[in-house]
Amino acid sequence: MHICLMPELRWNPLLDTWTMVATNRQNRPHLPKDYCPFCPGGANMPASYDVLAYPNDFPALSLEPRPPLNLHRGGRLEKPGIFRKAEAVGKCEVILYSPEHDKKFYELSDAHLLKIVELWNSRFHEIAKDERVKYIFEFENKGEEVGVTIPHPHGQLYAYSWVPLKIREELENCKKYFKAHGSSVFADLNKAEKKHKQRVVYENKSFIAYIPYFTDYPYGVFVVNKALKGNITRFTVQEKKDLADVLKKITAGFDKIFDRPFPYMMCLHQTPVNEKKYADAENYYAFHIEFYPPLRAKDKIKWYSGSEMGAGAAANPLDVDECAGILRSKIK
């Protein structure tokens with residue numbers, strides 16, 4: 001029996017991608033009741049902070065990885081073949097939004113929200129300097145329904161040494177669309193959704209937010225930058241303020257839909273870094289945020305079950321035009 005003691009990457013030949021194997025994450029805190037490791041002064045936290053990028057205590061990736069073990073039980077060396085592994089090169093960080101344990105994202109001041117956006121920007125810029133990093137993924141999980149283990153307001157950052165499968169598929173399909181139509185799919189989506197109107201939930205000078213025609217989550221909002229810039233480091237100060245504004249409006253609206261805390265995954269999709277294959281990605285790919293909120297009713301979850309997970313055949317149980325109208329009515 002092979003025991004993985006340190007994080008490593010294992011090749012999936014069916015999907016042409018890597019799986020992170022990180023048994024060290026098994027012991028991370030799970031909804032502790034009597035303490036919070038992310039509050040000021042807790043665990044390895046400083047005595048005070050406003051926003052903070054903190055190295056994950058249980059990382060699946062590291063910029064100083066140990067070589068993966070190449071032993072089976074009994075000490076026999078693995079032979080090269082279908083079983084491939086690699087060092088888990090990368091970085092995992094926790095992005096702390098606020099020192100206040102019960103503060104909601106949309107309850108933070110505009111100035112404070114801008115600090116979060118600036119932190120996303122600075123961490124992306126700094127981590128991209130390492131040539132081994134190929135993709136930087138900033139995201140937030142909110143709510144126990146999506147697996148949150150510590151409720152303190154925070155997001156995360158994963159820096160991968162490869163371009164993950166979903167992002168790669170988006171990039172490849174956007175490139176095909178660009179070659180076929182001579183325009184960016186995001187430019188055409190923004191134009192079409194704005195013309196349709198019914199699925200647009202909010203818009204400001206720099207961003208438009210809508211629940212796409214094709215999304216599989218009932219309230220699966222996309223936030224797309226109108227200038228079609230590839231990543232957050234390209235944004236002006238005003239665009240960063242507008243990003244903070246649109247996220248504040250949407251997250252506040254979410255909680256009003258069912259008059260309860262609204263769980264979601266918020267995922268920032270951006271152009272790869274240090275990857276020659278996608279050096280021209282900004283021609284056809286744009287920074288956007290995809291929300292994956294699992295609620296389809298106040299007390300009902302839209303599960304990703306057999307067909308969705310096993311076959312990758314997405315299904316949406318609700319009409320997104322109706323969902324967009326509900327969310328739009330909750331946004332002030």
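**Local environments in the predicted model**

Alanine 43 is exposed in this predicted model, with a relative accessible area of 59%, which is over the 50% required for that class. The residue is found in the loop between strand E2 (17-21) and strand E3 (52-55). Its backbone is notable for a phi near 50 degrees, a positive value in a residue other than glycine. A positive phi is also found at leucine 228, where the angle is near 60 degrees and the residue is again not glycine. Leucine 228 lies in a loop as well, between strand E10 (222-225) and helix H4 (237-257).

Strand E7 (residues 154-160) is mostly covered, with seven of its seven residues buried. The burial extends to both faces of E7. On one side, His154, Gln156, Tyr158 and Tyr160 are buried, and on the other side Gly155, Leu157 and Ala159 are buried. Pairing was found between E7 and strand E5 (residues 90-96), which run antiparallel and are joined by seven bridges. Within this pairing, glutamate 93 stands opposite leucine 157 of E7. E7 is also joined to E6 by five bridges, again in an antiparallel arrangement. Here the bridge partner of isoleucine 136 is alanine 159 in E7.

Strand E6 (135-142) also contributes to the second largest pocket, as does H4, each supplying at least two residues of the lining. The volume of this pocket is about 640 Å³. Its lining comprises 31 residues, of which Lys142, Gly143, Pro151, His152 and Pro153 are the closest to the centre of the pocket. E6 gives the most to the lining, with three residues. By residue class, the lining divides into 15 nonpolar, six polar and ten charged residues.

Histidine 288 is placed in strand E12 (residues 288-292). With a relative accessibility of 0%, histidine 288 counts as buried, because the threshold for burial is under 20%. Two polar interactions of its side chain were identified. The side chain of histidine 288 reaches the backbone oxygen of alanine 286 at 2.9 Å, and a polar contact of 2.8 Å is made with the side chain of glutamate 290. When residues up to four places away in sequence are not counted, histidine 288 touches Glu170, Phe186, Phe222, Val223, Val224, Cys267, Leu268 and His269.

Arginine 168 is found in helix H2 (residues 165-181). Its relative accessible area is 19%, so arginine 168 is classed as buried under the 20% limit. With residues up to four places away in sequence left out, arginine 168 touches Leu15, Asp16, Val163 and Tyr278. For leucine 15, the backbone oxygen lies 3.4 Å from a polar atom of the arginine 168 side chain. A further spatial relation links arginine 168 to proline 272: the two residues are 104 residues apart along the chain, and their C-alpha atoms are separated by 9.3 Å.

Technical notes:
Residues are numbered from 1 along each chain as its sequence is written. This is a predicted model: local features need pLDDT of at least 70, side-chain atom pairs count only at pLDDT 80 or more; totals for chains, interfaces and linings use all residues. Side-chain values use heavy atoms; hydrogens and water are left out. Helices (H or I, at least four residues) and strands (E, at least two) are DSSP runs, numbered from the N terminus. Buried means under 20% relative accessible area, exposed over 50%, partly exposed in between (1.4 Å probe, protein chains only). A polar contact is a pair of N or O atoms within 3.5 Å; within protein, one must be able to donate a hydrogen and the other to accept it, and residues adjacent in sequence count only if both atoms are side-chain atoms. Contact means heavy atoms within 4.5 Å. On a 1 Å grid over the protein atoms alone, a cavity is a set of points where a 1.4 Å probe fits but cannot get out, and a pocket is an open set with protein on both sides within 12 Å along at least five of seven lines; lining residues have an atom within 4 Å of a point. Grid points are joined across faces, edges and corners, and a volume is the space filled by probe spheres set on the points. Ala, Val, Leu, Ile, Met, Phe, Trp, Tyr, Cys and Pro count as nonpolar, Asp, Glu, Lys and Arg as charged, and the others, Gly among them, as polar. Two strands pair if DSSP finds at least two bridges between them.
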